[in-house]
Amino acid sequence: MIEVNNETDASIDEVEFAELAKYVLGRMHVAEGAELAIMFVDEEAMEQLHLQWMDEPGPTDVLSFPMDELRPGTPDEPTPAGLLGDIVVCPSVAKRQAASAGHSAEEEMLLLTTHGILHLLGYDHVEPEEEKEMFALQRNLLLTFLASR
């Protein structure tokens with residue numbers, strides 16, 4: 001089950017984000033019964049979460065809160081259903097990043113959502129090899145999702 005909640009005044013196509021999540025989870029061979037929440041919040045709420053969980057001041061673009069520590073499955077053995085976790089995205093931060101990256105705010109938020117899902121599935125980008133793997137996978141998932149629309 002994928003739940004999308006917009007707690008901001010930003011225009012969010014909640015169906016599009018649910019479809020993206022469904023696509024990414026399918027490509028990562030996660031059982032359809034896995035639970036995921038995607039929440040869009042304002043900068044004040046994001047700053048509070050960022051400080052509380054990362055001990056860093058200021059709002060950030062996306063935070064991921066894994067629950068059952070599910071990992072990607074395989075075509076023959078999908079990840080069992082469980083509570084994948086929550087992703088929190090800040091549209092106003094995403095909008096600023098999108099402007100400097102040269103694409104739309106929605107594309108940036110789709111990218112951040114993909115990024116957040118990969119974090120929930122255990123991917124990270126602390127080490128250079130991890131970053132290379134995660135960002136290549138993120139790019140492939142997002143581009144193939146957008147191409148399928």
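**Exercise 1. Determine which residues Val-4 touches outside its own stretch of chain, and where Val-4 is placed.**

Solution. Setting aside neighbours within four places in sequence, Val-4 is in contact with Glu-14, Phe-17, Ala-18, Ile-38 and Phe-40. Contact here means heavy atoms within 4.5 Å. The model is predicted, so that local features need pLDDT of at least 70 and side-chain atom pairs count only at pLDDT 80 or more, while totals for chains, interfaces and linings use all residues. Residues are numbered from 1 along each chain as its sequence is written, and side-chain values use heavy atoms, with hydrogens and water left out.

Next, locate the residue. Val-4 belongs to strand β1 (residues 2-6). Helices (H or I, at least four residues) and strands (E, at least two) are DSSP runs, numbered from the N terminus. Then consider accessibility: Val-4 has a relative accessible area of 11% and is therefore buried. The cut-offs are under 20% relative accessible area for buried, over 50% for exposed, and partly exposed in between (1.4 Å probe, protein chains only).

Finally, take one partner. Val-4 and Ile-38 are 34 residues apart in sequence, yet their C-alpha atoms are 4.8 Å apart in space.

**Exercise 2. Describe the surroundings of Ile-38.**

Solution. Ile-38 is part of strand β2. Its relative accessibility is 0%, so Ile-38 counts as buried. Not counting residues up to four places away in sequence, Ile-38 touches Ile-2, Glu-3, Val-4, Asn-5, Phe-17, Ala-21, Ile-87 and Thr-113. For one of these, Ile-2, the C-alpha separation from Ile-38 is 7.7 Å, with the two positions 36 residues apart along the chain as the sequence separation.

**Exercise 3. State the order of the secondary structure elements and the overall dimensions of the protein chain.**

Solution. First, count the elements: the protein chain has five helices and four strands. Second, read them from the N terminus, which gives β-α-β-α-β-β-α-α-α. Third, consider the extent: the C-alpha trace spans about 45 × 35 × 35 Å along its principal axes.

Fourth, compare with the globule rule. A compact globule of 149 residues would have a radius of gyration near 15 Å, and the protein chain agrees because its value is 15 Å. The radius is taken over C-alpha atoms, and the rule is 2.2 Å times the number of residues to the power 0.38.

Fifth, examine the contacts. Among those with a separation of 6 or more, 64% are between residues 24 or more positions apart. Buried residues make up 38% of the 149 residues.

**Exercise 4. Identify the residues that touch the most other members of the largest nonpolar core, and the elements that supply this core.**

Solution. A nonpolar core is a set of buried Ala, Val, Leu, Ile, Met, Phe, Trp, Tyr and Cys residues joined through side-chain atoms within 4.5 Å. The largest one holds 31 residues, of which Met-28, Leu-36, Phe-40 and Ile-117 touch the most other members. Two or more residues each come from α1 (14-27), β2 (35-40), β4 (83-89), α4 (105-120) and α5 (128-147). Helix α4 gives the largest share of this core, six residues.

Ile-117 may serve as an example: beyond its neighbours within four places in sequence, Ile-117 is in contact with Ala-21, Val-24, Leu-25, Leu-36 and Ile-87. A second, separate core has eight residues, including Val-41, Met-46, Val-88 and Val-93.

**Exercise 5. Establish whether His-50 and His-115 are buried or exposed, and list their contacts.**

Solution. His-50 is in helix α2. With a relative accessible area of 8%, His-50 is buried. Leaving aside neighbours within four places in sequence, its contacts are Asp-55, Glu-56, Pro-57, Gly-58, Pro-59, Thr-60 and Leu-63.

His-115 is in helix α4. His-115 counts as buried because its relative accessibility is 10%. With the same neighbours excluded, His-115 is in contact with Val-62, His-125, Met-134, Phe-135 and Gln-138.

**Exercise 6. Find the phi values of Asp-55 and Glu-69, and describe the setting of each residue.**

Solution. Most residues other than glycine have a negative phi. Asp-55 has a positive phi, near 55°. Asp-55 lies in the loop between α2 (43-54) and β3 (62-66), and it counts as exposed because its relative accessibility is 65%.

For Glu-69, phi is also positive, near 50°. Glu-69 is in the loop between β3 and β4. Its relative accessible area is 57%, so Glu-69 is exposed.
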